[in-house]
Amino acid sequence: MEVVILAAGNGTRMHSALPKVLHRLGGRPMLLHVLETAACLAPDSIHVVVGVGAEQAVAVVEEACPHLGINWVTQKEQLGTGHAVQQALPCLQQRTSDNKVLILFGDVPLITSATLKQVVDQCTPEQISLLTARASLPQGFGRIIRNSDGDVSAIIEERDANSEQKAINEINSGIMAISALRLQAWLDALGTNNDQGEYYLTDIVAMAHADGVRVRAKMVGEEEVMGVNNKSQLASLERHYQMRTANKLLEQGVTLLDPSRLDVRGEVDCGRDVEIDVNVVLEGRVSFGDGVSVGANCVIKDSKIGPGTKILAGTQIEGAYIGQNISIGPMARIRSGTVLSDRCKIGNFVETKNAVIGEGSKANHLAYIGDAVLGDGCNIGAGVVFCNYDGANKHQTKLGDNVFVGSNSVLIAPVTLEDNAFVAAGSSVSSDVPEGSLAVARVKQRIVPDWKRPKKK
Ligand code: UD1
Ligand code: CA
């Protein structure tokens, strides 16, 4: 079995410079969804027909999944879906009657591998297998025409259909499996006698029927075969995709306070008793240990969150490794290279970047901790800034264990504060503080008695 994916169309109705099949669904280009689903069937080869924006499509896909070994086929002019398949035919490994060709569309991304397997299984040298659906809104789709025996005898595109045919609500998904040998002959016989003047793949159905080859339709729920021709359909498929992802999480035992208000743009791995509040966006690869809770309005990207950790509302986390039983937020920003050890506390309006923070250390309010290594049990007061940038270069700040940094202090890197060092509030620390010492680096307070306030002129 070989797969041919059609992805050369120019996607005029998207009104975009980006090739249609690269528009994203759940954070990943549509074409990648189709490719990954096709790869689940372990085909002998995958051919992708590209045309408009071909270089871009090849670059994106080869970067994301070089292991698929895709054979890229260029369709120079977009003369129709039949013409597109024709371009791929010379590349097939075998054009014998035993070899099956599964045709997929790059703009029909919600298809599942289980359905595709059934489509392939019911294809034989004497039988074309076609995937159809009963659509609540059939507009824009090809309609399935059946004869008086109920056999599929043709597919008529909407723009070529008469009013009686337009009333048919069984639609063509575009997905079909055909024996490679017969496909060649039918494609060679295609004409362009239709409203768009294109070579329609769908016309081979009537030819097969005329040749006495049975066309067996497999019908599935319409959500699975919905196509994307415009932004409105893309938005509606995105909702379907997200509901599907949310339902999978619910089935695994994740608590979602509202499954319709979670967006997963990548892969999430959840332990037991994970709870996710509303309006959470998860991107890239995210993993949650047992008992993690995520508050409302959090965005978490490419991070690993350890068991028992609580992420409070409005927090952003990216590229971080977070240990166990930690509390983060509300409204914290954890940037890439942050490593939080167990039982840390990062409170509201605290930003961390490239910071490795030891066990039980705390920064409860309003701080910036950048390019730093902190030992265990440190306490970073409100308004503390780790000055890591001298205007040209970044430098590191090192804190031993149990270091106390008083509120509104600045630590000017490179600087080291040894174990049990103590920084008085409001200090500007620019040289190292030895173990167990107090650093006071601020102007001594003066008292001017009987101070007369300036008078307004
Ligand atoms: C097509 C089907 C229609 C079906 C619908 C399902 C035909 C003639 N019509 O219509 O019966 O109901 O899909 O979504 O097949 N493409 C190429 N080269 C081309 C033209 C198209 O590679 O020259 C690719 C497109 O990139 C797209 C797919 O083929 O991935 C379908 O093309 P599109 O123009 O979107 O066809 P529809 O009008 O949706
Ligand atoms: Ca389409």
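In this predicted model, a total of 14 salt bridges is found. One of them brings together the side chains of Asp107 and Lys20, with an N to O distance of 2.8 Å. The two residues come from distant parts of the chain, 87 residues apart: Asp107 belongs to the loop between β6 and α4, and Lys20 to the loop between β1 (2-7) and β2 (24-25). Asp107 has a relative accessible area of 13% and is therefore buried. Lys20, with a relative accessible area of 10%, is likewise buried, because the cut-off for this class is under 20%.

Asp107 also takes part in the binding site of the calcium ion (ligand 2), where the protein donors are Asp107 (OD) and Asn229 (OD1), lying 2.4 Å from the ion. This pair, too, links distant parts of the chain, with the two positions 122 residues apart. Asp107 is in the loop between β6 (100-105) and α4 (113-121), whereas Asn229 is in the loop between α8 (222-225) and α9 (231-251). Both Asp107 and Asn229 are buried.

A further salt bridge joins the side chains of Arg28 and Glu36, at 2.3 Å from N to O. Arg28 is partly exposed, its relative accessible area being 22%. Glu36 is also partly exposed, at 33% relative accessibility. Glu36 is not listed among the buried residues of helix α1, which are Met30, Leu31, Leu32, His33, Val34, Leu35, Thr37 and Ala38. Because 8 of the 10 residues of α1 (residues 30-39) are buried, the helix is largely enclosed by the rest of the structure.

Glu359 and Arg343 form another salt bridge through their side chains, with N and O 2.6 Å apart. Glu359 is located in the loop between β24 (345-357) and β25 (362-374), and Arg343 in the loop between β23 and β24, so the bridge ties together parts that are 16 residues apart in sequence. Both partners are partly exposed, Glu359 at 35% relative accessibility and Arg343 at 47%. Arg333, Arg335 and Glu351 are joined into one network by salt bridges that share partners.

Val339 is found in strand β23 (residues 339-340). With a relative accessible area of 30%, Val339 is partly exposed. Together with Tyr321, Val356 and Val373, Val339 forms a nonpolar patch on the surface, and the accessible area of these residues together is about 290 Å².

Aromatic contacts were searched for across the whole structure, and 1 aromatic pair was found. The ring centres of Phe404 and Phe422 are 4.5 Å apart and the ring planes are at 10 degrees, so the pair is stacked. The pair connects distant parts of the chain, 18 residues apart, with Phe404 in strand β29 (residues 404-405) and Phe422 in strand β32 (residues 422-423). Phe404 is partly exposed, with a relative accessible area of 33%, and Phe422 is partly exposed at 37%. A charged group is also placed over an aromatic ring: Lys394 lies over the face of Tyr389, at 5.5 Å from the ring centre.

Several features of the backbone were also noted. Most residues other than glycine have a negative phi, and most peptide bonds are trans. A cis peptide bond is present between Gly329 and Pro330, with omega about 5 degrees. Pro330 is part of the loop between β21 (327-328) and β22 (333-334). Ala413 and Pro414 are likewise joined by a cis peptide bond, for which omega is about 0 degrees. Pro414 is in the loop between β30 (410-412) and β31 (415-417).

Positive phi values occur in residues other than glycine, including His15, where phi is near 50 degrees. His15 is in the loop between β1 and β2 and is exposed, with a relative accessible area of 72%. Asp371 also has a positive phi, near 50 degrees. Asp371, however, is in strand β25 and is buried, with a relative accessible area of 11%.

Ile155 is located in strand β9 (residues 152-156) and is buried, at 4% relative accessibility. The C-alpha atoms of Ile155 and Phe141 are separated by 9.8 Å, the two residues being 14 residues apart along the chain.

Methods:
Residues are numbered from 1 along each chain as its sequence is written. Chains are lettered from A and ligands numbered from 1 in the order in which they are written. This is a predicted model: local features need pLDDT of at least 70, side-chain atom pairs count only at pLDDT 80 or more; totals for chains, interfaces and linings use all residues. Side-chain values use heavy atoms; hydrogens and water are left out. Patches are made of residues with over 30% relative accessible area and no salt bridge: like charges are joined within 9 Å, nonpolar side chains (Val, Leu, Ile, Met, Phe, Trp, Tyr) within 5 Å. Accessible areas come from the Shrake-Rupley method with a 1.4 Å probe; for residues, only the protein chains shown count as cover. A salt bridge is a side-chain nitrogen of Lys or Arg within 4 Å of a carboxyl oxygen of Asp or Glu. Helices (H or I, at least four residues) and strands (E, at least two) are DSSP runs, numbered from the N terminus. Buried means under 20% relative accessible area, exposed over 50%, partly exposed in between (1.4 Å probe, protein chains only). Donors are N, O and S atoms within 2.8 Å of the metal (3.2 Å for Na, K and Ca); water is not among the atoms, so sites may look incomplete. Rings of Phe, Tyr and Trp (its six-membered ring) pair if their centres lie within 6.5 Å; planes under 30 degrees apart count as stacked, over 60 as edge-to-face and the rest as tilted. A charge sits over a ring if NZ of Lys or CZ of Arg is within 6 Å of the ring centre and within 35 degrees of the ring normal.
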